[in-house]
Amino acid sequence: MATTSGPPLNMAARRLPPGALSLKQFLRRQQVLQLYRKILRAIREVPAEADRHYLKDWAREEFRRNKDATEEDAIRMMITQGNMQLRELQRTLKLAKS
């Protein structure tokens, strides 16, 4: 009779509650939340209140619209696009201040 040093991996995975995120999903979710917070912080720097309001509504709607995305490649692409848009906003704000 062979002995094992711990439970099989599939048993450990079954201990997770239904709907729990895998490590990969958890880390990707953290990336998305971090991007969202960075975008909102950058928007706070926009001088015109109407523009700030418009951009905040736009950001919220974009993230809300894509919150149910599950395909890994699509999520990675959206994160990349979001980071590019964030950098563009930061560059624009930097130019406006100078």
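Which element gives the largest share of the lining of the largest pocket? That share comes from H2, with 8 residues. Before going further into the pocket, here is the general layout.

**The overall picture**

What you have in front of you is a predicted model. The protein chain holds 4 helices and 0 strands, so if you start at the N terminus and walk along, the elements read α-α-α-α. Of the 98 residues in the protein chain, 14% are buried. Contacts across the sequence are worth a look too: take those between residues at least 6 apart in sequence, and 68% of them join residues at least 24 apart.

**How H2 and H3 sit together**

Now for a pair of helices. H2 and H3 pack with their axes 9 Å apart, at an angle of about 170°. Because that angle is over 145 degrees, the two helices count as roughly antiparallel to each other.

Which residues make the contact between H2 and H3? On the H2 side you'll find Val32, Leu35, Tyr36, Ile39, Leu40, Ile43 and Arg44. On the H3 side, their partners are Arg52, Leu55, Lys56, Ala59, Arg60 and Phe63. Sorted by class, the residues of this contact come out as 9 nonpolar and 4 charged, with no polar ones.

**Back to the pocket**

The largest pocket encloses about 770 Å³ of space. Three elements give two or more residues each to its lining: helix H2 (23–44), helix H3 (49–65) and helix H4 (72–97). The lining counts 24 residues, and those nearest the pocket's centre are Val32, Asn66, Lys67, Ala69 and Ile75. What is the mix of classes in this lining? There are 12 nonpolar, 6 polar and 6 charged residues. Val32 turns up twice in this story: Val32 lies among the residues nearest the pocket's centre, and Val32 also belongs to the H2 side of the contact with H3.

**Four residues to look up**

Here are some individual spots to find in the structure, each with a partner and the C-alpha to C-alpha distance between the two.

| Residue | Partner | Apart in sequence | Apart in space |
|---|---|---|---|
| Proline 47 | leucine 93 | 46 residues | 8.8 Å |
| Methionine 78 | phenylalanine 63 | 15 residues | 9.6 Å |
| Leucine 93 | proline 47 | 46 residues | 8.8 Å |
| Lysine 94 | glutamate 45 | 49 residues | 9.7 Å |

Start with proline 47, which is found in the loop between H2 and H3. Is proline 47 buried or exposed? Its relative accessible area is 69%, and because anything over 50% counts as exposed, proline 47 is exposed. Setting aside residues up to four places away in sequence, proline 47 touches Arg52 and Leu93. Arg52 is also one of the H3 residues that meet H2.

The other end of that touch, leucine 93, has its place in helix H4. What accessibility does leucine 93 have? It comes to 11% relative accessibility, and because buried means under 20%, leucine 93 counts as buried. Leaving out neighbours within four places in sequence, leucine 93 is in contact with Ala42, Glu45, Val46 and Pro47.

Right after leucine 93 in the numbering is lysine 94, also placed in helix H4. Lysine 94 is exposed, with a relative accessible area of 66%, whereas leucine 93 is buried.

Finally, there's methionine 78, another residue of helix H4. Methionine 78 has a relative accessible area of 25% and is partly exposed. Which residues does methionine 78 contact, leaving aside neighbours within four places in sequence? The contacts are Asn66 and Ala69. Both names should ring a bell, since Asn66 and Ala69 are among the lining residues nearest the centre of the largest pocket.

Methods:
Residues are numbered from 1 along each chain as its sequence is written. This is a predicted model: local features need pLDDT of at least 70, side-chain atom pairs count only at pLDDT 80 or more; totals for chains, interfaces and linings use all residues. Side-chain values use heavy atoms; hydrogens and water are left out. On a 1 Å grid over the protein atoms alone, a cavity is a set of points where a 1.4 Å probe fits but cannot get out, and a pocket is an open set with protein on both sides within 12 Å along at least five of seven lines; lining residues have an atom within 4 Å of a point. Grid points are joined across faces, edges and corners, and a volume is the space filled by probe spheres set on the points. Ala, Val, Leu, Ile, Met, Phe, Trp, Tyr, Cys and Pro count as nonpolar, Asp, Glu, Lys and Arg as charged, and the others, Gly among them, as polar. Axes are lines fitted to C-alpha atoms, for helices over the stretch in contact, and angles run from 0 to 180 degrees between N-to-C directions. Angles under 35 degrees count as roughly parallel, over 145 as roughly antiparallel, 65 to 115 as roughly perpendicular and the rest as oblique. Contact means heavy atoms within 4.5 Å. Buried means under 20% relative accessible area, exposed over 50%, partly exposed in between (1.4 Å probe, protein chains only).
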